[in-house]
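Student: I have a protein chain on screen and want to read it properly. Can we go through it by question and answer?

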Amino acid sequence: MQIQVNGEPKATRSGLTIAELLRELDIRWDRVAVEVNLQILDKQEFDRRALQEGDRVEIISFIG
């Protein structure tokens, strides 16, 4: 399945959750905001929100 992560194409397996994607990318999810298809997700959704073909994911890291 193909998705976009921060504007870059990424091939991944079907049904991957946001939490699994962040683990794959070695990103600590306590310090990021995630938007999927222009909708900001609550951190509680990271384990439940499965990605679908063509989804556009933006991951924003907090600094400070």
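Student: What share of the 64 residues in the protein chain is buried?
Tutor: This is a predicted model. A residue counts as buried when its relative accessible area is under 20%. Across the 64 residues of the protein chain, the buried share is 30%.

Student: In what order do the elements of the protein chain run from the N terminus?
Tutor: Start with the inventory: the protein chain has one helix and five strands. Now read them from the N terminus on. The order is β-β-α-β-β-β.

Student: What radius of gyration does the protein chain have, and what would a compact globule have?
Tutor: Take the extent of the C-alpha trace before that. Along its principal axes it spans about 35 × 25 × 20 Å. For 64 residues, a compact globule would come out near 11 Å, and the value for the protein chain agrees with this: 11 Å.

Student: Which residues touch the most other members of the largest nonpolar core?
Tutor: That core holds 15 residues. The members with the most contacts to other members are Ile18, Val34, Leu51 and Val57.

Student: Which element gives the most to this core?
Tutor: At least two core residues come from each of β1 (2-5), α1, β3 (32-36) and β5 (56-61). The top contribution is four residues. They come from α1.

Student: Which residues does Val34 touch, leaving out those up to four places away in sequence?
Tutor: Val34 is among the core members with the most contacts to other members. Its contacts beyond four places in sequence include polar and charged names as well, Gln39 and Glu58. The full list is Ile18, Leu22, Gln39, Ile40, Leu41, Phe46, Val57, Glu58 and Ile59.

Student: Is Leu41 buried or exposed?
Tutor: Leu41 sits in the loop between β4 and β5. Its relative accessibility is 8%. The cut-off for buried is under 20%, so Leu41 counts as buried.

Student: How far apart in space are Leu41 and Ile18, C-alpha to C-alpha?
Tutor: In sequence, 23 residues separate them. Yet Leu41 touches Ile18, along with Val34, Val36, Phe46 and Arg49. Their C-alpha atoms are apart by 9.5 Å.

Student: Which residues does Thr17 touch, again leaving out those up to four places away in sequence?
Tutor: Thr17 lies in the loop between β2 (8-11) and α1 (18-24). With 11% relative accessibility, Thr17 counts as buried. Its contacts are Phe46, Asp47, Arg49 and Ala50.

Student: What is the phi of Asn6?
Tutor: Most residues other than glycine have a negative phi. Asn6 is not a glycine, yet its phi is positive. Asn6 belongs to the loop between β1 and β2, and is partly exposed at 38% relative accessible area. The phi is about 50°.

Student: Where is Asn37 placed?
Tutor: Asn37 also shows a positive phi, about 50°, without being a glycine. Its relative accessible area is 38%, which makes Asn37 partly exposed. The place is the loop between β3 and β4 (39-40).

Student: How far apart do the centres of the positive and negative side chains lie?
Tutor: The protein chain carries 9 positive and 12 negative side chains. Take the centre of each set. The two centres lie apart by 3 Å.

Student: What part of the accessible surface belongs to carbon and sulfur atoms?
Tutor: The accessible surface of the protein chain totals about 4,400 Å². The part from carbon and sulfur atoms is 48%.

Key. Residues are numbered from 1 along each chain as its sequence is written. This is a predicted model: local features need pLDDT of at least 70, side-chain atom pairs count only at pLDDT 80 or more; totals for chains, interfaces and linings use all residues. Side-chain values use heavy atoms; hydrogens and water are left out. Buried means under 20% relative accessible area, exposed over 50%, partly exposed in between (1.4 Å probe, protein chains only). Contact means heavy atoms within 4.5 Å. The radius of gyration is taken over C-alpha atoms; the globule rule is 2.2 Å times the number of residues to the power 0.38. Accessible areas come from the Shrake-Rupley method with a 1.4 Å probe; for residues, only the protein chains shown count as cover. Lys and Arg count as positive and Asp and Glu as negative; His and the chain ends are not counted. The place of a charge is taken as NZ of Lys, CZ of Arg, CG of Asp or CD of Glu. A nonpolar core is a set of buried Ala, Val, Leu, Ile, Met, Phe, Trp, Tyr and Cys residues joined through side-chain atoms within 4.5 Å.
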